[in-house]
Amino acid sequence: MDFLFPLLILALLVPMFFGIRKQKREAEKVSTMQESLKVGDAVVTTSGLYGTIVDLDETTVDLEIAEDVVTTWLRQAIREVRADEATVEETTEATDAPVVEEAVEQTETRLTKD
């Protein structure tokens, strides 16, 4: 009975210790990603905005979010670097189902049915 209390404390502290380690590892990974940003990277901000990096300095990133529309963000606002669009297109083409052609009569019937 004397060793039950220390065991209980240990059982509560071990998961907390591993949780803190995981959180530190994730923060370090995000920090490394934000330091390795370069012009031309397609990124997503923490608020969900998609853009392409057009200029960088130590604390800010200029993102082109539409043609000739450039906004300035803190580096810490960059959540992830997106994969190249060519790679994404190849992946989606491989997983897309074949397109089935539909006759005009079938389309008209489908659209007019109530």
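**Close-up 1. Isoleucine 9, a partly exposed residue of helix 1.** Isoleucine 9 has a relative accessible area of 35% and therefore counts as partly exposed, a class that lies between the limits of 20% for buried and 50% for exposed residues. In this predicted model, isoleucine 9 is placed in helix 1, which comprises residues 4–35.

**Close-up 2. The nonpolar surface patch that includes Ile9.** Together with Phe5, Leu8, Leu12, Leu13, Met16 and Ile20, Ile9 forms a nonpolar patch on the surface, and the accessible area of these residues taken together is about 690 Å².

**Close-up 3. The aromatic pair of phenylalanine 17 and phenylalanine 18.** A search of the whole structure returns one aromatic pair. Phenylalanine 17 and phenylalanine 18 form this pair in an edge-to-face arrangement, with 5.6 Å from centre to centre and 65° between the planes. Phenylalanine 17 is partly exposed, its relative accessibility being 49%, and phenylalanine 18, with a relative accessible area of 47%, is likewise partly exposed.

**Overview. The protein as the setting of the close-up views.** The secondary structure consists of three helices and five strands, which follow one another along the sequence in the pattern α-β-β-β-β-β-α-α. The protein has 114 residues, of which 14% count as buried, and its accessible surface amounts to about 9600 Å², with 59% of this belonging to carbon and sulfur atoms. Where contacts between residues at least 6 apart in sequence are considered, 35% of them join residues at least 24 apart.

Notes: Residues numbered from 1 in each chain as written. Predicted model: local features only at pLDDT ≥ 70, side-chain atom pairs only at ≥ 80, totals over all residues. Heavy atoms only, no water. Patch = residues over 30% accessible without salt bridge, like charges linked within 9 Å, V, L, I, M, F, W, Y side chains within 5 Å. Areas by Shrake-Rupley, 256 points an atom, 1.4 Å probe, with all protein chains shown as cover. Salt bridge = Lys/Arg side-chain N within 4 Å of Asp/Glu carboxyl O. Helix = DSSP H or I, 4+ residues; strand = E, 2+ residues; numbered from the N terminus. Buried < 20%, exposed > 50% of the residue type's maximum accessible area, 1.4 Å probe, protein only. Contact = heavy atoms within 4.5 Å. Phe/Tyr/Trp six-rings, centres within 6.5 Å; stacked < 30°, edge-to-face > 60°.
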